[in-house]
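Here are my notes for you, written as numbered points. Keep the picture open while you read, and look each residue up as we get to it.

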Amino acid sequence: MTSQDLDVVIVGAGLSGIGAAYHLQKRCPGRSYAILEARQAMGGTWDLFRYPGIRSDSDMYTFGYNFRPWTSGKVFADGPSIRAYVEDTAREAGINPHIHYGHKVVAANWDSDAARWTVVAETADGKVSFTCRFLIQCSGYYRYEQGYMPEFEGMNDFKGEIIHPQLWPEDTDYTGKKVVIIGSGATAVTLVPAMAEKAAHVTMLQRSPTYIAARPSRDAIADFLRKILPSRMAYTLSRFKNVLLSIFFFQLSRRRPAAVKRNVIKLVKDQLGEGFDVEKHFTPDYNPWDQRFCLAPDGDFFEVLKDGSASIVTDHIDRFTETGIRLKSGEEIEADLIIPATGLDMQLAGGAVFTVDRRIVQPHDLFTYRGMMLSNMPNMALAFGYTNASWTLKVDLTFERVCRMLNHMKKTGDDIAVPVPPADLEPAPLLDFSSGYVQRALPHLPQQGSYAPWRTYQNYIQDMLAIRYGKLEDGHMQFCKAGDWHAEPGDVRRREAAE
Ligand SMILES: Cc1cc2nc3c(=O)[nH]c(=O)nc-3n(C[C@H](O)[C@H](O)[C@H](O)COP(=O)(O)OP(=O)(O)OC[C@H]3O[C@@H](n4cnc5c(N)ncnc54)[C@H](O)[C@@H]3O)c2cc1C
């Protein structure tokens with residue numbers, strides 16, 4: 001096994017990994033680093049997902065990096081445009097030579113005496129290892145190999161095709177086919193209008209409704225600002241406007257859920273007009289923002305329901321048949337192609353095993369620190385975005401703070417930065433979200449604490465003040481020399497270090 005010693009290893013070359021490298025190069029010049037990427041391409045989510053219509057449901061003024069204006073004018077960008085934005089960022093900043101493709105990280109072992117991580121990656125030529133002083137996990141939050149797929153009775157009887165959106169073959173031809181999309185999340189709401197153009201008919205089959213809101217695909221204020229101001233200034237202002245609007249809407253949803261619910265449903269009625277059972281198909285039994293909101297750019301989803309090229313059915317699946325799906329109500333929907341848009345399988349660090357001083361780490365035993373590090377896990381940050389706002393808003397802040405920490409340690413001569421939780425900290429679930437994929441994953445995820453900085457507030461302005469400007473030596477983060485801190489038996493469980 002060959003080995004390389006570096007200042008920083010970044011795992012993952014998606015939107016976050018490239019952002020981390022950019023911040024590191026800019027704020028900590030001269031540090032050696034590598035990006036280890038399991039796949040053969042960068043872009044992460046925006047390279048993996050190829051289903052028709054794939055796009056962001058965050059506005060690009062907040063989903064774009066804080067250091068690189070999004071200038072295309074499209075508020076919700078398609079997958080290839082986001083991939084190109086990430087690729088352009090990497091190329092222009094000279095990040096490409098640092099990326100090692102085909103390197104799947106399977107283990108990371110921390111040694112407090114050496115103040116180093118040993119990161120083990122599988123490659124086509126066997127295992128390789130890298131040692132580093134700091135590790136930044138930008139490996140996303142879900143299993144790449146496959147999405148979540150419930151077992152439906154009779155699946156093998158179905159004579160047509162079943163394709164999960166996460167594993168979409170690009171040559172899929174659905175022209176003139178009867179398509180059934182199972183699910184009501186962002187993927188289903190994207191797929192329905194995108195496929196309705198060519199398919200004979202698209203049916204969205206949902207167990208229960210989701211909040212869906214139409215939003216313009218152009219932002220008139222941002223377009224105006226771009227005309228009169230330099231692009232960076234226009235971007236910053238549009239970004240700030242959208243941050244404030246999203247915080248306002250989220251807070252309103254939390255404080256006045258009934259009023260927000262009423263208004264969102266009224267807007268759906270206005271979009272669809274007469275003749276639709278909005279009560280049945282568009283009235284969720286949870287409050288706005290208990291799950292992620294779905295967006296329909298320019299109301300595209302509602303348009304295809306109105307013109308009849310798509311329809312929506314709210315019912316439970318009894319079983320798959322040879323020709324389609326039989327519902328609990330007894331109704332049968334015919335299909336040539338069934339798409340289970342049933343979601344992701346959440347997974348941290350791409351399934352890699354971590355040890356600290358030869359003790360294996362169980363993520364659920366740990367607390368998150370400022371939503372960017374984990375308790376008793378030295379010199380490691382993770383990119384984990386917001387659930388109620390753009391992912392990038394949070395991860396940009398995370399990388400800024402990591403760079404501040406690295407510069408601080410260089411100045412003081414410290415080797416270790418480790419968040420140490422106080423004894424009275426009470427655990428709480430990491431995410432306050434009722435979506436199935438979150439609920440399934442909670443027992444395997446770290447927890448948050450009962451108070452700051454161990455609690456994640458999902459609020460960009462609050463985080464900006466605390467993470468960007470707050471003191472590094474905050475009484476919870478311990479800085480020390482190599483060997484002056486070791487994992488205690490209670491911190492992480494004792495077992496043999498994984499290779
Ligand atoms: C269909 C879809 C739409 C989305 N839309 C939005 C949106 O509109 N707004 C929003 O905020 N968020 C959205 N998200 C969430 C989205 O994943 C993030 O916003 C963002 O793309 C995450 O970037 P990332 O680089 O952190 O992770 P990813 O994009 O998941 O990239 C992770 C990278 O790490 C690599 N990797 C993983 N494990 C390992 C390992 N062990 N070793 C080496 N490499 C590894 C992967 O191969 C991948 O390249 C969406 C997610 C999906 C699936």
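How much area is buried between domain 1 and domain 2, and what percentage of it do carbon and sulfur atoms give? Let's start there.

1. The buried area between domain 1 and domain 2 comes to about 3,600 Å², and carbon and sulfur atoms give 55% of that. Three residues are worth clicking on here: Y51, P52 and Y61 supply 20% of what domain 1 buries against domain 2, more than any other three residues. Bear in mind that this is a predicted model.

2. Now for where the domains are. The domain assignment splits domain 1 into two stretches, 3-144 and 346-494, while domain 2 covers 155-340. If you take the C-alpha centres of the two domains, they sit 30 Å apart. In terms of contacts, 44 residues of domain 1 touch 40 residues of domain 2.

3. What about charges and polar atoms across this interface? The rule picks out two salt bridges between domain 1 and domain 2, plus 15 residue pairs in polar contact. For a salt bridge you can look up yourself, try the side chains of R239 and D396, with an N to O distance of 3.9 Å. A salt bridge here needs nitrogen and oxygen within 4 Å, so this pair makes the cut.

4. Next, turn to the side of domain 1 that touches domain 2. The helices α3 (60-63), α11 (391-412) and α13 (460-469) each put at least two residues into it. The largest share, three residues, is from α3. Sorted by class, this side of domain 1 has 22 nonpolar, 13 polar and nine charged residues.

5. There is a ligand to explore too. Of the 33 residues around it, the ones that come nearest are S16, E37, T45, D57 and S58. With T45, a polar side-chain atom is 2.7 Å from an oxygen atom of the ligand. The backbone also takes part: a polar backbone atom of L15 lies 3.2 Å from a ligand oxygen, and one of A38 lies 3.1 Å from a ligand nitrogen.

6. Last stop: T342, in the loop between β16 (337-340) and β17 (353-356). Which backbone oxygen lies 2.7 Å from a polar atom of the T342 side chain? That would be the one of Y148. Setting aside neighbours within four places in sequence, T342 is in contact with Y148, M149, P150, H164, I182 and R440.

Terms used. Residues numbered from 1 in each chain as written. Predicted model: local features only at pLDDT ≥ 70, side-chain atom pairs only at ≥ 80, totals over all residues. Heavy atoms only, no water. Domains from an automatic or database assignment. Contact = heavy atoms within 4.5 Å. Buried area = accessible area lost by both parts, 1.4 Å probe. Polar contact = N/O pair within 3.5 Å; in protein donor to acceptor, adjacent residues only side chain to side chain. Helix = DSSP H or I, 4+ residues; strand = E, 2+ residues; numbered from the N terminus. Nonpolar A, V, L, I, M, F, W, Y, C, P; charged D, E, K, R; others polar. Near = heavy atom within 4 Å.
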